[in-house]
Amino acid sequence: MQSQILHFPAKEAMIIGQQTGDRTISNRLADTADSLQGAAERSNALDSGHRACQGCGEALGARHAIDTALDTTDGELVVVNATGCLEVFSTPYPQSAWRTPWIHSLFGNAAAVASGVAQSFRIQGKENVRVIAQGGDGGTTDIGMGCLSGMFERNEDVLYICYNNEAYMNTGVQRSSQTPGAARTATTMPVGEHPGNRFGTGKSVPKIAMAHGIPYVATANIANPRDLEAKVRKAMSIRGARYIEVFVPCPLGWGTASCDTIKVARQALNCGLTPLYEAEYGEITAVNKIAPSETVGAYLKSQRRFAHVFKRGNEHQLEAIQAIADANIRAFDLVESK
Amino acid sequence: MLKQIDGSYAVGEAVALCRPQVVSCYPITPQTHIVESLGKLVKSGELADCSFMNMESEFGAMSACIGSSAAGSRTYTATSSQGMLFMSEAVYNASGMGLPIVMTVGNRAVGSPINIWNDHSDAMSVRDAGWIQLFVENNQQAIDVHIQAFRLAESLGLPVMVNMDGFILTHAYVRVDMPEQEQVDKFLPVFKPFQKLDPQSPITMGALVGPEAFTEVRMLAHSRMERALELIPAQAEEFANIFGRNAGGLVQKHYDDETGVEAETVLVTMGSVIGTAKEVITEMREMGESVNAVTLRTYRPFPAQALREAVIGAKRVVVLEKSFTPGMGGIVYQDVLAALNGTGIEVQSVIAGLGGRPVTRKSIRTLFAGCDERSNGHGFEVLDLDNTTMDRELAREASVLDRII
Amino acid sequence: MTAIEGQQLIPFATTLEPGTSRDNKTGSWRNLRPEYVQNLPPCNDSCPAGENIQAWLSHVQRGDFHGAWQEIVKNNPLPATMGRVCYHPCQSGCNRKMTDGSVQINATEKYIGDRALEQGWQFEPPEKPTGNRVLVIGGGPGGLSAAYHLRRAGHTVTIFEGMPALGGMLRYGIPSYRLPREILDAEIDRILAMGIEVRTNTRVHDIKQVMRSEGFHAVFTAVGNWLPNRVDVVSKAKTPVLDGIDVLRKVETGEDHGMKGSVVVWGGGNTAVDVARVALRVTGERPKLILRRDMEHMRAHPEEVQDALDEGVQFFNLHTIHEVRDGEVVLERMQADDRGRPFPTGRYVTVAAGSVVMALGQSAELGVMEKMGITQSGDWEVPVSPGMMTSVPGIFAGGDMVPSIRTVTAAIGHGKKAARNIDLWLNDQPVSERRERTIATFERMNTAYYPDVETNHRPKFEAGERIYDFREVKGGLTEQQAIQEAQRCMSCGNCMECDNCYGFCPDNAIIKLGAGEGFKIDYDYCKGCGICATECPLGALDMVMETI
Ligand SMILES: Cc1cc2nc3c(=O)[nH]c(=O)nc-3n(C[C@H](O)[C@H](O)[C@H](O)COP(=O)(O)OP(=O)(O)OC[C@H]3O[C@@H](n4cnc5c(N)ncnc54)[C@H](O)[C@@H]3O)c2cc1C
Ligand SMILES: Cc1ncc(C[n+]2csc(CCOP(=O)(O)OP(=O)(O)O)c2C)c(N)n1
Ligand code: SF4
Ligand code: SF4
Ligand SMILES: [Mg+2]
């Protein structure tokens, strides 16, 4: 009775098999470089002691973005901030949480202030100093729209980052142009025949930015920090007007558990409501694919602002939101084809 | 160098001599030609190392100035009227952050009704914004005061607004003495900001300040303004030494009284109206009337002391102004009244020239003629009011409102 | 000099110094407090041999095979063997089975085991001699494991084995197409190389006597289950009726096993399947496997069943043998109720049969135990304490003979546990308490962080190729595949330093301590939002109530 031991040819190595692939902040096993947010020496541009609510997605998004930008510029960075939570929780006298040169002027003028800063440095011959403007969705897509559009159209050397938490949070959660249909805010209460925010036409500022033909536009989501980092890096490698919109849940405004900020952001991503893409000079150059499975239900369920959507009689709201996700999936060809 | 030139272009050239690094602009009559001229100078290369920013609104224009100044560049813009109102949020912001921006205001009425002509409503709308507000009487002064404005702004860390009457000055084609670059360079040192956005030593600008410190912030702004009251005459004197001309200052008293006795009636005005007024006053004085004129060249900070000194001894002061607050009356009048409180000098309020209505010699004569009548307790007088229209319209209104109210 | 002092006339209050928010200790906001924990991964929890699977997989993840092997052999001295024959309950426990399939722990273990043999890796020399002599009765996996662990601890060990070679059922039960003997031999030799005395062909009858005559201080017994269970069938025929384990043993030793023609095997367990597949190989005819239940309720391991089906074993599920006749057997058809229990139907079929093999399980031959008064006649297993000791102090038992699951891994686990307790007993120390540990359950995982990855399965010879001889049916993973499989491990319950907590803390309240050192929470600033705990892929953080 003799036996024989088999040897079979090796299979191709799969990088994705490296435990968490590129999904975690770092991956000790991957040969891809770890992300900056996993680095002990990241700058923490937005320092501890800031007064953001527990689990604030905006605070997180801002640190990720600005740390990255600082890294790409060797610290030669100036940040201009619109009024909003980010500004209020980071700089109440007598303490500032920022470690970068930082200026807040008004609610609606960050893009213009940043334009001025950029021109100022240009004329001083300090083109190595780069400028970021940042603000909430209200400061960016509503009251700041005029200045933003001007900044785009003049192709100012500014990266504008919008932290989209889908409402005016700082003033107590009022509706903005980014507030989704059906969502409850203080000015769109879930009462009457059409509870929550009415379903409007929507307003995609990334697409508006693309219509300006600026060199770079991207959407990002705090649940995908490596992607966010890569997009900020990409943006910082380009001169001219750039726009990144980062999806950042607000536990207070959305009625989510403070621990679920990333989870909720991930759900939004996976159901197709917040497509991630990049565009250069007005043309989409990359789209992040999603897995085919998730519907909007789980995402909406985790948020009190959508609680009424699950009441009897409001099924049409759920359907309408699903329809938006489906439309995104079609428009951006989001789902990975197997 | 003497040259015949449009007021706007003259200011543009003067600003260019100040070597601004960022000029942001947005068109609005009657200021537009100033920035147009600067745009041309930048484009042609005559004004080097300057960024000329065509903004999307006055709000954007002032905001860009805020950014530019905070990043350490000498910064300039100009506006008028609606533009001032549109940028007003940023106007407050610039001074709150202590940014030495210089802005020309081609003074114009504020609508509605929309009206492109001169009065001082725009300047008055931001009276409390914390900017230094200077008023010029003619185009030569406009040139000279702009040069001083940069120096003043940068030595105090406060923004300065140079007010010149729309059309009357901005569009007047007159002969001026345009300073030489060396003179300007001698007077105006390179801009060294007190604070700036600098990666080498980061600061946080524009913090949120609560009740625990807001009042102090305001009082410190006030004290900074008071320093301007010392600095403005000093710098005007220095300017005169270099340029050989008197310009600027806090107030200007127009006639010296050989007798040493103050004139009985002193006209107090701001801006270009003094030109016409002086013609009448000269005439009147030649006829032996005891009249004089004082212009307020600095309106904010209000030069109360200088004004008192200029008019002390007079029997009455007549404030002739191109601004008006409905429901109250004169605006400058209130400042003058407060400044002369306790001096025993009677202060009269006269409004004229709203929305570009010419203030003629005849108007001024009427003003002086009505002094005694006004002494009998008239609140204020509006010169050249069309009483026929007023009567008709008041009657028409009354026919409706009386029934309702 | 600070930024602000370096300049003049910085506006009061509206301009601030950078980073001054650190004066604001936001930790006071917290009512829940994150704490790092280390939980027991379910694979480890379900490995009867007590391997720290997660730990050795983590070595493999980095390509450190020697490290992995050293970690395995802390518990199990037979990885190449176990990588072949273990039913891998670890994989049934593996959290990954809830997503894209269990980590192929067993296949990876085989890779490590084979690599160790290839490289000639040896065990660490034993601890310094204790002077204690321990007798091990039975050289099956239970005995081998005990001997290995006792020897590691520095005891002098002698194995008494009744058969001509060591290995127990590994050698005389499990067919060599599943476990090549050179692998088994090599792994046994490596154990013996630690300096273990072996006496083969030496059956122990009287433990007391052996102990006394040879001066042993303690005994570990693992004599296995070698008595075949039988059922009476009506047989007036010449068709031989054989016992499964006898047949297997004889095939191994080369004795006359008695199988011929189409062999009819009766039984639904692993032995039955092994017998059928061996019969196929030695007779060249398709054997028939008779089982009372339906396939779903079969006890044999599904993979073995599939292999048998592929090879052409005919399954007569829901049948029993009614009567053995000359050259044929009469089967009665059964019917299953909704719980899978079979009931007779009274309907019969007849099938051809060259010989019949009963594989209906086996039980222990407990003569030695009875003699010691540990068991009585009729007992079929030996009760032991949690420390594996029988009712007689100093005599320990394990493996198939004690109440437990009857698998090699269980036997190895018993051997290890007994060795540890013998050590304690010899040193007059009490049995150590089992530390209760929280299991890193699937519910504690955040599997969003693990991309689906295809599992790497071992290749097999095609059925048509493998049925003519005893070549090993299954191949192994390649090095690349082994690494990949290991990298599918989610590190359940124990920090893998993915930096999620560190990167996702909105308050920068997590401090990185450096590679291998994990993290620390800066409670001065931690607001207790709990994102770290939610986003930890493997549940290494607990949120606990803050006591005020
Ligand atoms: C056919 C078959 C296939 C199996 N396949 C698997 C499998 O794939 N995977 C798995 O995990 N398990 C399998 N098992 C079960 C597994 O083999 C046993 O659970 C395991 O071997 C038990 O180990 P042990 O040490 O307790 O006993 P054994 O392996 O049975 O070893 C007992 C040893 O003691 C010796 N002995 C007995 N009495 C004496 C005495 N008085 N003096 C000296 N020596 C004595 C015997 O000769 C034998 O060597 C299988 C069992 C069978 C029968
Ligand atoms: C001109 C002006 N209008 C209104 C406000 C009041 N205000 C301050 S912050 C804010 C909402 C900010 O919302 P968003 O930009 O979305 O930022 P968030 O707080 O949600 O991060 C509003 C309405 C203001 N400061 N200025
Ligand atoms: S309200 Fe929302 S955006 Fe504002 S600090 Fe709180 S969590 Fe952040
Ligand atoms: S994934 Fe890894 S740690 Fe988790 S149960 Fe499976 S083998 Fe064990
Ligand atoms: Mg918002």
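# Close-up views of a predicted model

The side chains of Glu252(C) and Arg181(C) meet in a salt bridge, with 3.0 Å from N to O. Welcome to this set of close-ups, which are drawn from a predicted model.

**Figure 1. A salt bridge joins Glu252(C) and Arg181(C).**
Start with the two helices that carry this pair. Glu252(C) belongs to helix 11 of chain C (residues 244-253) and Arg181(C) to helix 9 of chain C (residues 181-192), so their pairing ties together parts that lie 71 residues apart in sequence. What lets such side chains pair? Side chains of opposite charge can do so when their charged atoms come close. If you would like to look for others, the structure holds 73 salt bridges over all chains.

**Figure 2. Ligand 2 sits between chains A and B.**
Have a look at the residues around this ligand. There are 17 of them, and those that come nearest are Glu58(A), Cys85(A), Asp137(A), Gly138(A) and Gly139(A). Two contacts can be traced to neighbours in the chain: a polar side-chain atom of Asp137(A) is 2.8 Å from an oxygen atom of ligand 2, and a polar backbone atom of Gly138(A) is also 2.8 Å from an oxygen atom of the ligand. For Asn165(A), a polar side-chain atom lies 3.0 Å from an oxygen atom of ligand 2. On its own, ligand 2 exposes 580 Å², and the protein buries 78% of that area. Which element gives the largest share of the shell around ligand 2? That is helix 4 of chain A (residues 137-142), with 3 residues. Sorted by class, the shell around ligand 2 has 6 nonpolar, 8 polar and 3 charged residues.

**Figure 3. Ligand 3 is surrounded by residues of chain A.**
Among the residues around ligand 3 are Cys53(A), Cys56(A), Cys85(A) and Cys250(A). Others in the shell include Phe89(A), Met169(A) and Leu252(A). Two elements of chain A each give two or more residues to this shell, namely helix 2 (85-90) and helix 8 (251-254). By class, the shell around ligand 3 holds 9 nonpolar, 1 polar and 1 charged residues.

**Figure 4. Ligand 4 is surrounded by residues of chain C.**
Cysteines appear in this view too, including Cys43(C), Cys94(C), Cys489(C) and Cys492(C). Pro41(C), Pro42(C) and Met490(C) are also among the residues around ligand 4. Helix 1 (42-46) and helix 2 (53-61) of chain C are the elements that give two or more residues to the shell. How many charged residues does the shell around ligand 4 have? There are no charged residues in that shell, which has 10 nonpolar and 2 polar ones.

**Figure 5. Chain A meets chain C.**
In this view, 64 residues of chain A are in contact with 74 residues of chain C. Between them the two chains bury about 5,700 Å², and 54% of this is on carbon and sulfur atoms. The interface of chain A and chain C has 4 salt bridges. Glu535(C) forms a salt bridge with Arg266(A), with the closest N and O atoms 2.8 Å apart. Polar contacts link 36 residue pairs across this interface, counting pairs with both residues at pLDDT 80 or more. On the side of chain A that touches chain C, helix 1 (57-73) and helix 9 (261-271) of chain A are the elements that give two or more residues. That side of chain A divides into 28 nonpolar, 24 polar and 12 charged residues.

**Figure 6. Chain C meets chain B.**
Here 13 residues of chain C are in contact with 19 residues of chain B. The two chains bury about 1,400 Å² between them, 63% of it on carbon and sulfur atoms. The count of salt bridges between chain C and chain B is 0, while 4 residue pairs are in polar contact, with both residues at pLDDT 80 or more. The side of chain C that touches chain B has 9 nonpolar, 4 polar and no charged residues.

**Figure 7. A cis peptide bond joins Tyr93(A) and Pro94(A).**
Omega is about 10° for this bond. Pro94(A) is found in the loop between helix 2 and strand 2 (102-104) of chain A. In chain B, the peptide bond from Ser112(B) to Pro113(B) is cis, with omega near -5°. Pro113(B) has its place in the loop between strand 5 (102-107) and helix 5 (121-125) of chain B.

Terms used
Residues numbered from 1 in each chain as written. Chains lettered and ligands numbered in written order. Predicted model: local features only at pLDDT ≥ 70, side-chain atom pairs only at ≥ 80, totals over all residues. Heavy atoms only, no water. Near = heavy atom within 4 Å. Polar contact = N/O pair within 3.5 Å; in protein donor to acceptor, adjacent residues only side chain to side chain. Areas by Shrake-Rupley, 256 points an atom, 1.4 Å probe, with all protein chains shown as cover. Helix = DSSP H or I, 4+ residues; strand = E, 2+ residues; numbered from the N terminus. Nonpolar A, V, L, I, M, F, W, Y, C, P; charged D, E, K, R; others polar. Contact = heavy atoms within 4.5 Å. Buried area = accessible area lost by both parts, 1.4 Å probe.
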